[in-house]
Amino acid sequence: MSTATIELKDWLEALTEVIRDYAARSLRFDGTPVVPNGASAGSEPAAYVAILGERCSMHLGISTSMEGCRALVRALLGMRQKDPITDAEVVDGMSEILNIAAGKVKSRMVVRDGSLKLGLPIFVQGQVGLGESTEKATAEVPIGPVPCRLLVYRRVR
């Protein structure tokens with residue numbers, strides 16, 4: 001096993017592949033388009049999961065509009081887009097989607113760093129605070145009809 005730090009782009013590529021595969025296999029959208037609400041990047045709600053290891057401390061995240069979050073959670077729960085959904089269900093569902101994806105990313109990366117551990121998911125309105133010692137990588141990735149932003153943050157050691 002290598003002692004080199006895994007590149008940020010490798011984490012983002014793994015997260016992108018996992019999310020696309022998970023969406024295709026597990027999320028069921030009813031065909032209703034989701035129109036972005038025009039929120040600026042960083043002001044949208046997001047779910048994050050920490051991945052910690054001996055050589056890294058990072059967060060994986062997924063961000064979209066609140067309408068996008070509702071659409072993703074409805075797809076997770078097999079609901080139609082017109083069905084009502086509570087804010088608590090949105091928080092739990094977005095956390096679950098990212099927790100599943102982060103577990104799959106960790107499984108891919110553990111062969112490169114056996115010390116990796118998965119943290120608990122969190123859901124926040126807006127971007128997590130980034131300091132000067134934080135690296136960031138993002139990708140715009142549609143999940144079904146939902147425009148999303150995938151995020152990877154790492155504290156530089």
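In this predicted model, strands β4 and β5 run alongside each other in the antiparallel sense and are paired over ten bridges. Two residues lie between the strands in the hairpin that joins β4 and β5, and in this hairpin Gly-144 takes a positive phi near 60°. Across the pair, Val-141 stands opposite Cys-148 of β5, while Ala-139 has Leu-150 of β5 as its bridge partner.

Strand β5 (residues 146-155) also pairs with strand β2 (residues 57-63), again in the antiparallel sense, and here the pairing extends over six bridges. The table gathers some of the residues that face a partner in β5.

| Residue | Partner in β5 |
|---|---|
| Ser-63 | Arg-149 |
| Leu-60 | Val-152 |
| Ala-139 | Leu-150 |
| Val-141 | Cys-148 |

**The sheet as a whole**

Both pairings belong to an open sheet of five strands, whose order is β3-β1-β2-β5-β4 and whose pairing is antiparallel. Which strands stand at the edges of the sheet? They are β3 (117-125) and β4 (134-143), and because each has a single partner strand, one side of each is left without a neighbour in the sheet. From one strand to the next, the twist averages 20°. Helix α2 (residues 66-77) packs on this sheet, where it touches β1 (45-52), β2, β3, β4 and β5, and the direction of α2 makes about 100° with that of β5. Eight of the ten residues of β5 are buried, so this strand is largely enclosed by the rest of the structure.

When reading a strand in the structure, it helps to remember that in a regular strand the side chains alternate between the two faces of the sheet.

**Helix α1 and two of its residues**

Helix α1 covers residues 8-26, and Thr-16 lies within it. Is Thr-16 buried or exposed? With a relative accessible area of 11%, Thr-16 is buried, because buried means under 20%. Once the neighbours within four places in sequence are left aside, Thr-16 is in contact with Ala-139, Val-141 and Leu-150. Of these contacts, Ala-139 and Leu-150 are bridge partners of each other, and Val-141 is the residue that stands opposite Cys-148.

Trp-11 is found in helix α1 as well, and its relative accessible area of 0% makes Trp-11 buried. Not counting residues up to four places away in sequence, Trp-11 touches Ile-6, Ile-51, Cys-56, Met-58, Leu-60, Val-105, Met-109, Leu-116, Val-152 and Arg-154. Among these are Leu-60 and Val-152, which are paired by a bridge between β2 and β5. Although Trp-11 and Arg-108 are 97 residues apart along the chain, their C-alpha atoms are separated by 9.5 Å.

**How α1 meets α3**

Two packed helices are described by the angle between their axes and the distance between the axes. For α1 and helix α3 (residues 87-109), the packing angle is about 125° and the axes lie 9 Å apart, and α1 and α3 are therefore oblique to each other. The crossing in which α1 passes α3 is right-handed. On the side of α1, the contact is made by Asp-10, Trp-11, Ala-14, Leu-15, Glu-17, Val-18, Ile-19 and Tyr-22, and on the side of α3 by Ile-97, Leu-98, Ile-100, Ala-101, Lys-104, Val-105, Arg-108 and Met-109. By kind, the residues of this contact divide into twelve nonpolar, no polar and four charged.

How values were computed
Residues numbered from 1 in each chain as written. Predicted model: local features only at pLDDT ≥ 70, side-chain atom pairs only at ≥ 80, totals over all residues. Heavy atoms only, no water. Helix = DSSP H or I, 4+ residues; strand = E, 2+ residues; numbered from the N terminus. Buried < 20%, exposed > 50% of the residue type's maximum accessible area, 1.4 Å probe, protein only. Contact = heavy atoms within 4.5 Å. Axes fitted to C-alpha atoms, helices over the stretch in contact; angles between N-to-C directions. Parallel < 35°, antiparallel > 145°, perpendicular 65-115°, else oblique. Left-handed = near helix turned anticlockwise from the far one by under 90°. Nonpolar A, V, L, I, M, F, W, Y, C, P; charged D, E, K, R; others polar. Pairing = 2+ DSSP bridges.
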